[in-house]
Amino acid sequence: REQARLAAHEKELERQRTLAREGLAQAEALRMEGNDLCRRGQLPGNAASQQHLSRAADLYSSAIDALSSCLEQLQLLPTEAEELRRQRALLRANAAQVLL
């Protein structure tokens, strides 16, 4: 019985590790795309600057939501959860900068 409990615990840890890796990868892809749009939106003379900046803010928001969703499911991995919180804070700062 104890061995089955340990196996189930290890399986849950691996599920959460995979979830954290996938969440970080998804957030990073959205962040990179948002950063690109933010740079384009800040170019002088860019007629579509407001659309680029608005889309960048939307992408940052989606990345924040993805990380928040992952965090709700990471009860057993405090180190990974801390990294997701740190990345989420950076994305919030990026989003705030775009809105200025």
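In the predicted model, Q87 is in contact (heavy atoms within 4.5 Å) with L24, R31 and L67 when its neighbours within four places in sequence are left aside. Q87 is found in helix 3, which spans residues 78–99, helices here being DSSP runs of H or I with at least four residues, numbered from the N terminus. With a relative accessibility of 10%, Q87 counts as buried, a class defined by a relative accessible area under 20%, as opposed to exposed at over 50% and partly exposed in between, with a 1.4 Å probe and protein chains only. The model is a predicted one, in which local features need pLDDT of at least 70 and side-chain atom pairs count only at pLDDT 80 or more, while totals for chains, interfaces and linings use all residues. Residues are numbered from 1 along each chain as its sequence is written, and side-chain values use heavy atoms, with hydrogens and water left out.

The largest nonpolar core, that is, a set of buried Ala, Val, Leu, Ile, Met, Phe, Trp, Tyr and Cys residues joined through side-chain atoms within 4.5 Å, comprises 24 residues, of which C38, A56, Y60, L74, L84, L91 and V98 touch the most other members. Helix 1 (2–41), helix 2 (49–71) and helix 3 each supply at least two residues of this core, and helix 2 gives the most, with ten residues.

Not counting residues up to four places away in sequence, A56 touches G34, L37, C38 and V98, whereas A57 touches V98 and L99. A57 lies in helix 2 and is buried, its relative accessible area being 13%. The C-alpha atoms of A57 and L91 are separated by 9.5 Å, although these residues are 34 residues apart along the chain.
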